[in-house]
Amino acid sequence: MTSKPPLPLDPAGFHLDPRKGLARQLYHALRERILDGRMASRMRLPASRELAETLGVSRNTVVRAYDQLYAEGYVEGRIGDGTYVAELGSGVPASTPPVLQARAPEWLQARLQAYGPGAPPAGPPRAFRLGLPALDLFPFDIWSRLQAQFWRASSLDQLGYGDPAGDPRLREMVAAYLRNGRGLRCSPEQVVITSGAQQAISLCTQLLLQAGDSVAVENPCYRAAAQTFAVAGACLRGVAVDEDGLDTRQLAALHDCRLVYVTPSHQYPSGVTLSLARRLELLDWAEREDAWIIEDDYDGEYRYSGAPLAPLAPLASLDRQGRVLYVGTFSKVLFPALRLGYLVVPPALVEPLAQLRTLAMRHSEVGTQAVLAEFIARGHFQRHIRRMRQAARSRRDALLRNWPAKEAGVMLPPIHSGLHVCVPLPSLARERELLDKTAAIGIELSALSDYCLPPGPVRAGLVLGFAGIDELQIGHALENLRRAWR
């Protein structure tokens, strides 16, 4: 009795799971062998009946897999002579699987790496992670009820493409909040809804800058903004920050800057507030130099001194020449995963910004915008801000009360606003020593030196977020720090 000749391909490596689509699995297995060279061009495939018998599947399974390979051009048929691997040219190797060697352009890698990682860490709140508000206080019951109401009563015109500048009612609510709660005179038509503050900064960069333009940024600075400008090909010019904020005299010495990026209410990361005198000087500079100001008011709602603990009025509220583009976000008063923020800009810039946003992502998700508009309209937003401000103040007090000053070798500075504090240190060696001991116990602290722009002076310190965890957790974390630093 003669044995059957071997198949032109070895079926031993085919592992087909009968609980899943067999034809799809077989198609992928054959396609992979063609692409990595194990099945070379002009190689004959076994007959469908023969391969089905060998693999223990139906002939229809093999036929469907072959048909998909035919449709995509991986195999071709010869009348009366069977099925063969198609001639795919030199792009497919003859034997060994390819090693992926594609890389991002070197210029892009250099620009991204020059200013460190800009993305915040993912995961749940922990001590002392930056950028997180009191997520545990969010009114999930109210939000879920409003969301259910929207989807039960949504109309067909809300299910198509939306306005790239944002839901009209949400723009109206944002403008009303800024007028009443922040003292910023603006109309709904000046508001552009964005996917958080980061997209707002990116849109401003696309609109106002060309490769080679100079941008003035605070030093130390918000790294994600610096990366955005650098990737756009801008030349970053660091301007020192002192106890009154951005040094406007140093800025005035730069005669070629088209744009300045500032965080005046609570400088990131040093925490100082831009003085009124400096604000006026900054606006005079912008008018004199025909330049723009991006004001990032990322946590301006949080202020713990003054009567009646009202947030500081934005720089944009002083603008009379239309030079300030105001960036706001809901990440610090609601939650970061919401990915909603806004821009308030001079009227002439609204349409080009909306067009740029159309190219990037069309618009933010319609349902979330509608729910947030209703959340604001019914008064929940303002009540929630008051609750969040009280919680952040209480958590700040827990940090001030329990800070291990003796072990750290430094006192905490006063904390008048914001969700984080910057603790200056005498040297980079001391900064590294404390950070290494902190990392060993799983607590997050950030190095002030990481926020400093080259080639300027490097400042040493620790940057701590205090609002994301409650008072009990803050106490435990500080006790762990005390033991680690001791």
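Q: What counts as a cavity, and which residues line it?
A: On a 1 Å grid over the protein atoms alone, a cavity is a set of points where a 1.4 Å probe fits but cannot get out; lining residues have an atom within 4 Å of a point. This is a predicted model: local features need pLDDT of at least 70, side-chain atom pairs count only at pLDDT 80 or more, and totals for chains, interfaces and linings use all residues. Residues are numbered from 1 along each chain as its sequence is written, and side-chain values use heavy atoms, without hydrogens and water.

Q: How many cavities of 30 Å³ or more are there, by this rule?
A: The count is 1. The largest cavity holds about 40 Å³ (the space filled by probe spheres set on points joined across faces, edges and corners). Its lining is Ser265, His266, Asp299, Gly300, Tyr302, Arg303, Leu312, Ser417 and Gly418.

Q: How does that lining divide by class?
A: Ala, Val, Leu, Ile, Met, Phe, Trp, Tyr, Cys and Pro count as nonpolar, Asp, Glu, Lys and Arg as charged, and the others, Gly among them, as polar. The largest cavity's lining has 2 nonpolar, 5 polar and 2 charged residues.

Q: What is the volume of the second largest pocket?
A: A pocket is an open set with protein on both sides within 12 Å along at least five of seven lines. The second largest has about 310 Å³ of space. It is lined by 19 residues; Ser270, Gly271, Val272, Pro413 and Pro414 are the closest to its centre. By class, the lining has 8 nonpolar, 7 polar and 4 charged residues.

Q: Which strand gives the most to that lining?
A: Strands (E, at least two residues) and helices (H or I, at least four) are DSSP runs, numbered from the N terminus. β12 gives the most, with 4 residues. β6 (235-242) and β12 (420-424) each supply at least two.

Q: At what angle do helices α7 and α11 pack?
A: α7 (residues 196-208) and α11 (residues 347-361) pack at about 115°, with their axes 10 Å apart. So α7 is roughly perpendicular to α11 (65 to 115 degrees). In α7, Gln199, Leu203, Cys204, Gln206 and Leu207 make the contact (heavy atoms within 4.5 Å). Their partners in α11 are Leu349, Pro352, Leu353, Leu356, Arg357, Ala360 and Met361. This contact has 9 nonpolar, 2 polar and 1 charged residues.

Q: Where is proline 220 found?
A: Proline 220 sits in the loop between β5 (214-219) and α8 (223-231). A cis peptide bond joins it to asparagine 219, with omega about 10°. Proline 454 to proline 455 is also cis, with omega near 5°.

Technical notes. Axes are lines fitted to C-alpha atoms, for helices over the stretch in contact, and angles run from 0 to 180 degrees between N-to-C directions. Angles under 35 degrees count as roughly parallel, over 145 as roughly antiparallel, 65 to 115 as roughly perpendicular and the rest as oblique.
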